[in-house]
Amino acid sequence: QVQLVESGGGLVQPGGSLRLSCTASGTILSIYSMGWYRQAPGKQRELVANIIGAGTPTYADSVKGRFTLSRDNAKNTVYLQMNSLKPEDTAVYYCRTIDTITGGSWGQGTQVTVSS
């Protein structure tokens with residue numbers, strides 16, 4: 001079983017930046033992927049950014065050029081750098097990890113609010 005701890009959410013003005021962090025702990029056998037989802041009230045949860053193994057991160061079209069996913073394998077941590085934030089980025093952001101042995105795990109979610 002993998003536990004995910006998220007941090008970095010908050011309130012920011014349009015055009016501002018935030019960096020989210022997600023650290024995995026517990027029984028980590030074989031990480032297949034790590035990524036970020038977000039969900040706004042009344043809307044379906046959507047994939048924001050994802051990385052599979054040692055591959056290249058992928059991004060939703062709505063955040064390309066503004067968000068950057070990175071990872072520190074030694075710390076079992078994945079980051080989401082969010083720049084040029086827009087009001088439509090307001091959502092609860094969830095870390096998602098898939099372990100090939102134990103399956104998927106979700107973080108508790110961290111609120112990101114973009115408002116003037």
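These notebook entries record what I looked up in a predicted model.

**Entry 1: the disulfide**

I began with the cysteines and found that the count comes to one disulfide. It joins C22 to C95, with an S to S distance of 2.1 Å. I then located the two partners: C22 lies in strand β3 (residues 18–26) and C95 in strand β9 (residues 91–99), so the disulfide ties together parts that are 73 residues apart in sequence. The torsion about the S-S bond is about -85 degrees, and I therefore noted the disulfide as left-handed. Is C22 buried or exposed? I recorded C22 as buried, because its relative accessibility is 0%. C95 is buried as well, with a relative accessible area of 0%.

**Entry 2: T97**

I stayed with strand β9, where T97 also lies. T97 has a relative accessible area of 1%, which means that it is buried, since the limit for that class is under 20%. Which residues does T97 touch, leaving out those up to four places away in sequence? I listed L4, I31, S33, M34, G103, G104 and S105.

**Entry 3: the aromatic rings**

I next turned to the aromatic residues, for which the count comes to two pairs. Y37 and W106 form an edge-to-face pair, 5.0 Å centre to centre and with 70 degrees between the planes. Y37 lies in strand β4 (residues 31–39) and W106 in strand β10 (residues 103–106), so this pair ties together parts that are 69 residues apart in sequence. Y94 and W106 have ring centres 6.2 Å apart and planes at 85 degrees, so I entered this pair as edge-to-face too. It links distant parts of the chain, with Y94 in strand β9 and W106 in strand β10, twelve residues apart. Y37, Y94 and W106 form one aromatic cluster.

I also looked up how far each member of the cluster is covered. Y94 counts as buried at 15% relative accessibility. Y37 is partly exposed, with a relative accessible area of 23%, and W106 counts as partly exposed at 38%.

**Entry 4: a surface patch**

Last, I examined the surface. Which residues form a nonpolar patch there? I noted Y32, I52 and I98, which together have about 250 Å² of accessible area. I followed one of them further: I52 is placed in strand β5 (residues 46–52). I52 has a relative accessible area of 42%, and I therefore recorded it as partly exposed. That value also meets the patch requirement of over 30% relative accessible area.

Methods:
Residues numbered from 1 in each chain as written. Predicted model: local features only at pLDDT ≥ 70, side-chain atom pairs only at ≥ 80, totals over all residues. Heavy atoms only, no water. Patch = residues over 30% accessible without salt bridge, like charges linked within 9 Å, V, L, I, M, F, W, Y side chains within 5 Å. Areas by Shrake-Rupley, 256 points an atom, 1.4 Å probe, with all protein chains shown as cover. Salt bridge = Lys/Arg side-chain N within 4 Å of Asp/Glu carboxyl O. Helix = DSSP H or I, 4+ residues; strand = E, 2+ residues; numbered from the N terminus. Buried < 20%, exposed > 50% of the residue type's maximum accessible area, 1.4 Å probe, protein only. Disulfide = S-S within 2.5 Å. Contact = heavy atoms within 4.5 Å. Phe/Tyr/Trp six-rings, centres within 6.5 Å; stacked < 30°, edge-to-face > 60°.
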